[in-house]
Amino acid sequence: MASLLEITNLNKKYPSFSLKDVSFSVKPGQIMGFIGRNGAGKTTTLKSIMNLVHYESGKVIAFDKEMKMYELENKQRIGFALSELDYYPNKTINTLMKVTKKFYKNFDDKKFDEACRLFNLDKNKKLEQLSSGMKVKFSVAIALSHHAELLILDEPTSGLDPVSRDEILDIFRNIVKDKNRAILFSTHITSDLDKCATGITYIHNGEIQFTGKKDEFISSYLFVKDESKNSSLFSEYIAYKEVNGIIEGLISVDKKQKFNSRKITLTSPDLEQIMVYLERSKDKHESFDL
């Protein structure tokens, strides 16, 4: 199959917010980072994919089968976790595993034990005793234990310390190493995507602004530091701001020749810089004094 997941023209209307023709795909071997600011539509999209919210139009195809028609079958092959586990906090990991395994035909107890050893999960601990990082590892352990081919995770590294985040990212990279599985995960921590993502889907106000390879997304832009504060160039920026007497901003790569000056430095941006300035561009050049 060309894609493990294919979303086409997904529309969902709320009184104050809408998803508008959301379309993107996730291919085998891919780690797709789903980025956008709070309220942009990331969680709504993920819940729509899993048929947890009703959407008005569009299609979600998983494993070449429409999700609504083959929901139970497809969910056997998907590992899904929202940002925070908060169900049955007084139950132990082992008890929760025994309840969860009843929903999966291919649940492998030995695989779960292996994952617990790998992640240093104590099966006798209650859910409420686990750190945020351990809860993420528990979710991933469950997904691996029923041989999930696609992991869909909402903010899996939020609230984790740097060491735990690095461990989770290593796990993600190992999961897709065989090129048969894939991960779609939303995050505000764009530095995590710099380290592990192969693809980026960027959503703003319910609309997809970009979806494709991470390297192509990054190479479309340049980060500018202009010591001369050349005001004639201000209109060429996607967005900019003044920091310590220097103009910093983002430009599209096709503007490069216009910024040819000894007092101007051009570098490849990271994902955080791209996202920050793309969002700033929506109210371009507005500023205020403190």
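Two strands are taken to pair if DSSP finds at least two bridges between them, and with that criterion in hand the reader can begin at one pairing in this predicted model and work outward. Strand β9 (residues 199-204) and strand β10 (residues 207-213) meet this criterion, pairing in the antiparallel sense over 6 bridges, and within that pairing G199 stands opposite K213 in β10. The two strands form a hairpin with 2 residues between them, and N205, which lies in the turn, has a positive phi of about 50°.

Seen as a whole, the protein has 9 helices and 14 strands, and its C-alpha trace spans about 65 × 40 × 40 Å along the principal axes. Of the 290 residues in the protein, 47% are buried, while the exposed area comes to about 15000 Å², with carbon and sulfur atoms supplying 47% of that area. Among contacts between residues at least 6 apart in sequence, 68% join residues that are at least 24 apart.

One sheet to follow involves residues early in the chain. Here 4 strands form an open sheet in the order β2-β1-β4-β5, and the pairing is antiparallel. Because β2 (18-26) and β5 (65-66) stand at the edges, each with a single partner strand, one side of each is left without a neighbour in the sheet. Strand β1 (residues 5-13) is joined to β2 by 6 bridges, the two running antiparallel, and L10 is found opposite V22 in β2. Helix α1 (residues 42-49) packs on this sheet, where the helix touches β1, β2 and β4 (57-62), and its direction makes about 65° with that of β2.

Two charged side chains can be located by the rings beneath them. The charged end of K68 sits over the ring of Y55, 4.1 Å from the ring centre. R77, for its part, lies over the face of F63, at 4.0 Å from the centre of that ring.

A second open sheet of 4 strands has the order β12-β13-β11-β14, with antiparallel pairing. Its edge strands are β12 (239-243) and β14, each of which pairs on one side only, and neighbouring strands of the sheet are turned by 20° against each other on average, direction ignored. Strand β11 (residues 221-226) has 5 of its 6 residues buried, so this strand is largely enclosed by the rest of the structure. On one hand, β11 is joined by 6 bridges to strand β13 (residues 246-252), and the two run antiparallel; on the other, β11 and strand β14 (residues 264-267) pair in the antiparallel sense over 4 bridges. K225 can serve as a marker for both pairings, since this residue stands opposite E248 in β13 and has T265 as its bridge partner in β14. Strands β12 and β13 are in turn joined by 5 bridges and run antiparallel, with Y240 standing opposite G249 in β13. Helix α9 (residues 271-280) packs on the sheet, touching β11, β12 and β13, and the direction of this helix makes about 105° with that of β12.

Aromatic rings offer another route through the model, for a search of the whole structure finds 11 aromatic pairs. One of these is formed by F112 and F138, an edge-to-face pair with 6.4 Å from centre to centre and 85° between the planes. F112 lies in helix α4 (residues 109-119) and F138 in helix α5 (residues 132-145), so the pair ties together parts that are 26 residues apart in sequence. With buried meaning under 20% relative accessible area, F112 counts as buried at 0% relative accessibility, and F138 counts as buried at 1%. The rings of Y237 and Y240 have their centres 5.3 Å apart and their planes at 50°, so this pair is tilted. Y237 is buried, with a relative accessible area of 2%, and Y240, at 16% relative accessibility, counts as buried as well. Finally, ring pairs link Y202, F210, F217 and Y221 into a cluster.

Definitions and conventions. Residues are numbered from 1 along each chain as its sequence is written. This is a predicted model: local features need pLDDT of at least 70, side-chain atom pairs count only at pLDDT 80 or more; totals for chains, interfaces and linings use all residues. Side-chain values use heavy atoms; hydrogens and water are left out. Contact means heavy atoms within 4.5 Å. Axes are lines fitted to C-alpha atoms, for helices over the stretch in contact, and angles run from 0 to 180 degrees between N-to-C directions. Rings of Phe, Tyr and Trp (its six-membered ring) pair if their centres lie within 6.5 Å; planes under 30 degrees apart count as stacked, over 60 as edge-to-face and the rest as tilted. Buried means under 20% relative accessible area, exposed over 50%, partly exposed in between (1.4 Å probe, protein chains only). A charge sits over a ring if NZ of Lys or CZ of Arg is within 6 Å of the ring centre and within 35 degrees of the ring normal. Accessible areas come from the Shrake-Rupley method with a 1.4 Å probe; for residues, only the protein chains shown count as cover.
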